[in-house]
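Open the model in your viewer and keep the selection tool handy. We will go from ring to ring first and then from strand to strand.

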Amino acid sequence: CESNPRIIKVLPIPQPPTGTISGETKVCPGKPYVYTISSVDAGMVPVWSVTNGTIQGSNAGSSVTVIFNAGASSYSVSAQNKSMSNAGCLSAPISFNVVALDLNTITVNPNPGGPFCPSSTQTFTANLNGIVPDFMEWTFGSANFGSVVGGQGTNNITVNFNEISSTSSTTLNLRVVKCGVTKIISVPVSLLPLPVVSFT
């Protein structure tokens, strides 16, 4: 005698998500960031994972909140398709690479026109390397050397130099604050002495 047969259904592995992952590419460790997949495939739910970080809340759905660990050399966020069947098959992942913010990559472009004439107007630019600071401020090492007359708080400024009778050089300082970390970039600036005119 034979029993009734048991039917076993084998499902194919789902294809990786067809959508793309979007979110911050340069991050501060210890801060939460949200990553989103552009589209959810039919019959699937995205399942998220993170390298060198932790997920806050659910790891399934069209978006995820991630906190990255400090001190890691690389980070990534990945999404897999999980079928809504009882088997819950997982696809291969798609990944989104992330790097930690490095304020040391910010530079102030040297103005090739220096030394400068007293009572002149000049411009200076900072290369932020894709970083959006929480706070920026430009100052002179000697307060009476000149003043920022345009662009304070941005990466492009205009300065007016004063007439200096004694000190002819100082520094132009850019203070950048991001994620509670402060970085100060200083560049030397100098003024030409005023010419002396004599009559005979």
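A residue is called buried here if its relative accessible area is under 20%, exposed if over 50%, and partly exposed in between, with a 1.4 Å probe and protein chains only. Before you click, note that this is a predicted model, in which local features need pLDDT of at least 70, side-chain atom pairs count only at pLDDT 80 or more, and totals for chains, interfaces and linings use all residues. Residues are numbered from 1 along each chain as its sequence is written, and side-chain values use heavy atoms, with hydrogens and water left out.

**Stop one: the rings**

Select Tyr75, which is buried at 4% relative accessibility. Now add Phe68, also buried, with a relative accessible area of 1%. Rings of Phe, Tyr and Trp (its six-membered ring) pair if their centres lie within 6.5 Å; planes under 30 degrees apart count as stacked, over 60 as edge-to-face and the rest as tilted. By this rule there are nine aromatic pairs. Phe68 and Tyr75 make one that is edge-to-face, with 5.3 Å from centre to centre and 70° between the planes.

Next, select Phe116 and Phe124. Their ring centres are 5.8 Å apart and their planes lie at 75°, so this pair is edge-to-face. Phe116 is buried at 4% relative accessible area, and Phe124 is buried at 4%.

For a wider view, show Tyr33, Tyr35, Phe68, Tyr75 and Phe96 together: ring pairs link them into a cluster.

**Stop two: the four-stranded sheet**

Switch to a cartoon view. Strands are DSSP runs (E, at least two residues), numbered from the N terminus, and two strands pair if DSSP finds at least two bridges between them. Look for the open sheet of four strands in the order S1-S3-S6-S5, with antiparallel pairing. Which strands stand at the edges? They are S1 (21-22) and S5 (53-56), each with a single partner strand, so one side of each has no neighbour in the sheet.

Zoom in on S5 and S6 (residues 63-68), which pair in the antiparallel sense over four bridges. Here you meet Phe68 again, as the bridge partner of Gly53.

**Stop three: the three-stranded sheet**

Finally, find the open sheet with the order S11-S14-S15, again with antiparallel pairing. Its edge strands, S11 (135-140) and S15 (181-190), each pair on one side only.

Colour S14 (residues 169-178) and S15: 10 bridges join these antiparallel strands. To see one bridge, select Val176 and its partner in S15, Lys183.
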